[in-house]
Structure formats: structure tokens, C-alpha cells
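Me: I should like a close look at one part of this model, with the surroundings of a single residue explained in full.

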Amino acid sequence: MIKINLLPPEKRRKQIPLKRFITIVMSSFVIAWVGIYFFMLFQAAILQDTILSAKESYQLMTKSIEKKEITEKKQQVINKKNAVVTGISKNINAEYAVLSNISELVTANVWLTEFHMDEKKVVRIKGNASSYPQLATFLNRFENNKAFTEVSLTSANVTKVSNQEITQFEVTAKFKEL
């Protein structure tokens, strides 16, 4: 069946020719693809800038991490040296404190020949006294000193040196820090 439009041309419904329709659709399609292409190029440029800034940050961080590791190693060495110095000075201070206290206890007729202090701060003293009463006075003063506990006379022997009797003794005690 054939359709005939008898309306005057001004009143007829306008039809878009097929070629024109295809041209409009194709140009719209091309414009959309060009827009997507440029959008993707823009996004790629933004991502490249982000990657470059991340690489720069990574390089700065690796330098910082290397410096931090070197500093930590130096700090460990310093801490080890400090521990050694502290241990030495602590031991010296303890021995100094013990000898200082003992020097106050020694009387005129008592002299010390040997001194030893172990890690547990047990003090062993060897010495000589001119007589038992002098040794007893020294031990009494030793026991009454607040810096020492568990004072005990380990040995006492009388020997003759140059026609004079001398009492050789050994005393042990535990030093407590004040």
C-alpha cells in the first residue's frame, strides 16, 4: 500500500532524511569518543603526576629511613658504651663507699692487707692486729656500722713477727647501700 500525503508542504510533518540522521548520529558518536579520549588523557596526566610525586616521596623516605637506621645503630653503640661506663662507675662507687666506711672503722693498731668485694657485695677483708683486744674493737665498730650486715670473723691466728705477736684475721660482711 502506498501512502500519499495530500497536505500542503507547509503543513506536512517534516522528516529527517536518512543521510542527515546518520550524519548526526555519527558526528555525535565521534564527539563522544573524542571527549572520552581527552578525558582519559587528562586522567592519565593526573595519574602520572601522582606517580612522580609518590616516587619523590619514596626517595625522600628511603633517605630518611637510611639516616634513621644509621642513627639507631649509633645510638645502640652509645647505649652499650654507656652501660659499660655505668657498670664500671657503679662498681667503683660501691668499692669506694665500702673502703670509705672501712677506713673509718680501722683503729691505730689494726692494718688491712687484702680487700675483695664480689658481685653480691660480699666483702672479704684480711688484715693484722697488734692484739686480740684491738681486733675485738675493730670487729665491734664493724658490726655497729650501718653500711654492713652479717659481719663475721672467718679466721684469727696469732703469729710471731720480729719477736712480736700479731693477730692475723679475716672478716666477711655484706655491704648494703645506704
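Is Thr167 buried or exposed, and what is its relative accessible area?

Reply: Thr167 is buried, with a relative accessible area of 3%; buried means under 20%, exposed over 50%, and partly exposed in between, with a 1.4 Å probe and protein chains only. The model is predicted, so local features need pLDDT of at least 70 and side-chain atom pairs count only at pLDDT 80 or more, while totals for chains, interfaces and linings use all residues. Residues are numbered from 1 along each chain as its sequence is written, and side-chain values use heavy atoms, with hydrogens and water left out.

Thr167 belongs to strand 4 (residues 164-175). Helices (H or I, at least four residues) and strands (E, at least two) are DSSP runs, numbered from the N terminus. Leaving aside residues up to four places away in sequence, Thr167 touches Gly127, Asn128, Ala129, Ser131, Tyr132, Leu135, Ala156, Asn157 and Val158; a contact is defined as heavy atoms within 4.5 Å.

One of these partners, Leu135, leads to helix 2. Helix 2 (residues 132-144) has 13 residues and reaches 18 Å from first to last C-alpha, close to the 18 Å expected at 1.5 Å a residue, the expected span being 1.5 Å times one less than the number of residues. Its buried residues are Leu135, Phe138, Leu139 and Phe142. They cover an arc of only 95° around the axis, which puts them on the same side of helix 2; the arc is that of the directions from the helix axis to the C-beta atoms. The face turned away from this buried side carries the exposed residues Pro133 and Asn144.

Strand 4 also contains Glu170, a buried residue with a relative accessible area of 16%. Arg124 forms a salt bridge with Glu170, the closest N and O atoms being 3.6 Å apart; a salt bridge is a side-chain nitrogen of Lys or Arg within 4 Å of a carboxyl oxygen of Asp or Glu. Because Arg124 lies in strand 2 and Glu170 in strand 4, the pair ties together parts that are 46 residues apart in sequence. Arg124 is partly exposed, at 29% relative accessible area. Arg124 forms another salt bridge with Glu114, with 3.3 Å between the closest N and O atoms. This pair links strand 2 (residues 122-129) with strand 1 (residues 110-117), the two residues being ten apart. Glu114 is partly exposed, with a relative accessible area of 35%. Glu114, Arg124 and Glu170 are thus linked in a network of salt bridges.
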